[in-house]
Amino acid sequence: MTLRRVVPLLLLVLIVLLPVIAPWSKIVLTLALAKGLAVLGIVVLLQAGQVSFGHALFFAVSAYAAAFLGQAFAGGELISMLLIGVAASLVIGLLVGLFVVRYRYIFFGMLNLAFSMIFYSILEKFYYLTGGADGMQVARPSVLGIEMERDPFETLLFYGGMVLAILVAYGVHRFLQSPLGNMMKTIKTNETRLEYLGVSARSTLLAGYVLSALLCGLGGSIMAVAQGIVTPEYAYWIRSGELVFIAILGGAGSVSGAFVGALVYEVVRTYAAAFAADYWQMILGFFLLGIILYASRGLVGLYDSVLQRFERKEDRP
Amino acid sequence: MNAQLVALAIFDGVAYAALVFMVAVGLTLIFGVMRILNVAHGSFYAIGAYLTVTLVGGVIAAGFSPWLAYPLLFVAAALVGLVVGGPIEKYLLKRIYVKEEALQLLVTFAVFMILEDVQRILWGTQPYFQADALQLLGNIQVFGVYYTAYQLILLPVVAVLVLIGLRLFLRRTLTGKLILAVTEDREAATSIGIDADKVFLVTFVVGATLGAFGGALASATTSVLPGMGADMIVLSFAVAATAGLGQIEGAAIAALLIGLGRSFALYLMPELEVLVPYLIMLLVLLVRPEGLFGTAKTRKI
């Protein structure tokens, strides 16, 4: 087995074992996982060269759908909450998608932003339904009818989420290599040629858009049950920017980059918020600038180039 | 809704539109020339407001006449444009014109994040209130409604002056003509000896100054607090997109449309107040994707 395979595998094993050694890390890792899933949605759109500044919308739609279901059935049940969240983001993704796939680049990004801001202000203003700026509590749900204590529930959420994330990541990886995935990439390189081939660029982008909404939704409902509270801030445009930020940080357009980026981001954020609360956003900003200007392939790209240097040394007699 | 309420809603809308126009026109100018949507524009607005509060507060505390508040509005705006806007273009944006649009957007987003924290470090998180410029002009009575002269007369007049001034600047002065030439065709302009880099720098500084000027004028009418830049960038984009990106005169009309729509919503359906600008934008773009006054681009193969 080459070095290229060994390091990611070791990292994976480390992450799986970390909650056993340090139980406090469980919740941070679960949040990173939820964000990683949402970032995967951004990665799908980045394949087509489109950046959405409003995907927190689907994150929030799904989180609130899960919260409402939980409230309606006194506690609720985990699997059904995740399903309803994903279903809600799918429906909204389709509706919003039908409109925004007519646009590209700046308009695409900013129209998404407008939709997310509409949802944000609905959440904030209709407080008799949504609890306003204070948000809604999400009680710990049962799992398939079994009530669980906090600790085993968090353990289940983390390992369950981990398995789910690996499956989803593999699925997205396959999607990007499928004909549809390749057509998505053509939207970035030359859309007109795609249309000359008789393929509708809009419906191709719509398919990708719905997939990305669904992924963000999955992340959102996991986040909701993990945090135990949903607030309008979930839909705020800074949140959407954060998702794009993580995608670029990890390595634009790579599936593994989404999770690596989310992990690094969440850990840095947890520590930075504790030690440098006043300027952690500034640190992130400089980080983002550095990545775009000097390492445009992100953390995954950096890892690649370090490895290449190693391998070249090994090749020498 | 009686006549007085209608008058109030119109006054609110016009005053608000004047402020939003100032910010949106800076955004649309920068986009029109440089093809960059500057997310950090919201920060210029916020920093303009903060700096004005500090300067005016300092001058009055030092015992000078409060009437100095008015010239200080210009000083604060120009300072932000030159000291904050200038270096950002010269040392950062210049390096990214060759990159793809999505990355350009992200770079300005990063600048926005950095400037948000700069504000927090310099001015803290407490709200500031400095309304001398507003109070000095007093109230006037129109249609049986009392309203501040600052908002009802000064703001719209300044907005119209900015609009006319910008038009004259672009059409009549040499610098303005150079800007238009570079907007039309950068390569051709460069080949006849126009320094496009310099034109970009000037445009960005002017645009940033306009954004900061919007903030300076707004600082007398509301409390200045963190988050105001984030809200304003989204709103001014809505105005610029409704008009068609790069349309200066159109931005004035779109600002009025959105300002009035918002203030009427405030009196009729308060829950919808924040939503109205986005709804107007979505409706317009649904029918005319290039905005009210924009022209459709031809497709390149």
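Student: What share of the 301 residues in chain B is buried?

Tutor: A residue is buried if 20 or more other C-beta atoms, placed from the backbone, lie within 10 Å of its own. In chain B, buried residues make up 48% of the 301 residues. In chain A, they make up 49% of the 317 residues. Please remember that this is a predicted model: local features need pLDDT of at least 70 and side-chain atom pairs count only at pLDDT 80 or more, while totals for chains, interfaces and linings use all residues. Residues are numbered from 1 along each chain as its sequence is written, and chains are lettered from A in the order in which they are written.

Student: How many helices and strands are there in chain B?

Tutor: Helices (H or I, at least four residues) and strands (E, at least two) are DSSP runs, numbered from the N terminus. Chain B has 12 helices and two strands, in the order α-α-α-α-α-β-β-α-α-α-α-α-α-α.

Student: Why is chain B called as compact as a globular protein of its length?

Tutor: We take the radius of gyration over C-alpha atoms and set it beside the globule rule, 2.2 Å times the number of residues to the power 0.38. Chain B has a radius of gyration of 19 Å, close to the 19 Å that the rule gives for 301 residues, so it is as compact as a globular protein of that length. Its C-alpha atoms fill a box of roughly 60 × 50 × 35 Å along the principal axes.

Student: At what angle do helix 2 and helix 3 of chain B cross?

Tutor: Axes are lines fitted to C-alpha atoms, for helices over the stretch in contact, and angles run from 0 to 180 degrees between N-to-C directions. The axes of helix 2 (residues 41-61) and helix 3 (residues 69-92) of chain B come within 9 Å and cross at roughly 135 degrees. Angles under 35 degrees count as roughly parallel, over 145 as roughly antiparallel, 65 to 115 as roughly perpendicular and the rest as oblique. Helix 2 and helix 3 of chain B are therefore oblique to each other.

Student: Which residues of these two helices meet?

Tutor: Two residues are in contact if their C-beta atoms, placed from the backbone, lie within 7 Å. Among those in helix 2 of chain B are Phe44(B) and Leu51(B), and helix 3 of chain B offers residues including Leu72(B) and Val80(B).

Student: How many residues of chain A are in contact with chain B?

Tutor: Here 33 residues of chain A are in contact with 34 residues of chain B. Helix 5 of chain A gives the most to its side, with 11 residues.

Conventions:
A residue is buried if 20 or more other C-beta atoms lie within 10 Å of its own, exposed if 12 or fewer, and partly exposed in between; C-beta atoms are placed from the backbone.
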